[in-house]
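Biologist: Could you take me closely through one well-covered position in this model and the elements around it? I would like the cut-offs behind each term as you go.

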Amino acid sequence: MFVKDRMTVNPITVTEDASIDAALQIMREKRVRRLPVTDKHGRLVGIVSEKDLLYASPSPATSLSVYEIPYLLSKIKVHDVMTKEPITVTTDTPLEEAARILADNKIGGLPVMEDGKLVGIITETDIFKTFLELLGARDEGVRLTLIVPAVKGVLARITGKIAEMGGNIMALGSIAASDPAYARLLLKVADVPQEQLVAAMEELQMEVADARYCTINT
């Protein structure tokens, strides 16, 4: 899966000479929390978040009059508070790489570039929604957490057994366990009763750390 599969195309932008008041208004109307910033030629020059704009705005406890505040807000421009030369990704950047960049740099969004042009934006919300899908959070079924040996062939044995039982694996993910000799495996399985599934995993000598049936709550 790549950034192009999850990004917002043709993102809403703001010009660097716009006032922070105007930028905040755009965010509220469009229900977004960050905006790529362009110059008068449409080239990407920065990115600004709602937090940047709010930090630059007068505090509610200010002694300024209601007439002075709009004047001051009109004088502060986006280029005064934006992040210049933002980190960007391309449309063919793997999604997990984009997630790593966001996490490592403690940022919430990445402009997406193609041939030097801004074509999209990928945000932490896009990554989070993908995470939900990868873990089958919107699918009904038995959710299993297994502690399995970190050796070749274990995954094939588990998935083969589930297929043999007529089960449908809706989601599958693996993370490191506290002991490097083991891995923590998460599965969401449909079409097999929970008791039979747990018994089958124990037959394979896999440790079942957790088992529960998950329904969809709206």
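**Val48 and the sheet around it**

Modeller: Val48 counts as buried because its relative accessibility is 1%, where buried means under 20% relative accessible area, exposed means over 50%, and partly exposed lies in between, all with a 1.4 Å probe and protein chains only. Before going on, please note that this is a predicted model, in which local features need pLDDT of at least 70 and side-chain atom pairs count only at pLDDT 80 or more, whereas totals for chains, interfaces and linings use all residues. Residues are numbered from 1 along each chain as its sequence is written, and side-chain values use heavy atoms, with hydrogens and water left out.

Val48 belongs to strand β4, which covers residues 44-49; helices (H or I, at least four residues) and strands (E, at least two) are DSSP runs, numbered from the N terminus. If neighbours within four places in sequence are set aside, the residues in contact with Val48 are Val14, Met27, Arg33, Arg34, Leu35, Val37, Leu53, Val78, Val81 and Met82, contact meaning heavy atoms within 4.5 Å. One of these partners, Leu35, is 13 residues away from Val48 in sequence, while the C-alpha atoms of the two are 5.4 Å apart in space.

The strand that holds Val48 is part of an open sheet of four strands, ordered β2-β3-β4-β5 and with mixed pairing; two strands pair if DSSP finds at least two bridges between them. The edges are taken by β2 (14-15) and β5 (83-84), each of which has a single partner strand, so one side of each is left without a neighbour in the sheet.

Going through the sheet in order, β2 and β3 run parallel and are joined by two bridges, with Thr15 having Thr38 of β3 as its bridge partner. The pairing of β3 with β4 is antiparallel and extends over five bridges, and here Thr38 is partnered by Leu44 of β4. These two strands, β3 and β4, make a hairpin with five residues between them, and Gly42 in the turn has a positive phi of about 85 degrees. On the other flank, β4 pairs with β5, again in the antiparallel sense, over two bridges, and Ile47 has Thr83 of β5 as its bridge partner.

The neighbouring strand β3 (34-38) is mostly covered, since five of its five residues are buried. Cover is found on both faces: Arg34, Pro36 and Thr38 are buried on one side, and Leu35 and Val37 are buried on the other.

Which strands does helix α2 lie across? This helix, residues 20-30, lies across β2, β3 and β4 and runs at about 130 degrees to β3; the axes are lines fitted to C-alpha atoms, for helices over the stretch in contact, and the angles run from 0 to 180 degrees between N-to-C directions. Ile20, Ala23, Leu24 and Met27 are the buried residues of α2. Seen down the axis, these buried residues fall within an arc of 100 degrees, so they line one face of the helix, the arc being that of the directions from the helix axis to the C-beta atoms. Met27 is also among the contacts of Val48. On the other side of α2, by contrast, Glu29 and Lys30 are exposed.

Two backbone positions outside these elements deserve a careful look. Most residues other than glycine have a negative phi. Arg31, however, which is in the loop between α2 and β3, has a positive phi near 60 degrees although it is a residue other than glycine, and it counts as exposed because its relative accessibility is 79%. Asn10, in the loop between β1 and β2, likewise has a positive phi, of about 45 degrees, without being a glycine, and at 69% relative accessibility Asn10 counts as exposed.

As for confidence, the chain averages a pLDDT of 90, and 91% of the residues score at least 70; pLDDT is the predictor's confidence in each residue, from 0 to 100. Confidence in the chain is highest in strand β6 (residues 89-90), at 98, and lowest in helix α4 (residues 68-75), at a mean of 58. Over residues 59-69 the pLDDT is below 50, and this stretch has five contacts in the model beyond near neighbours in sequence.
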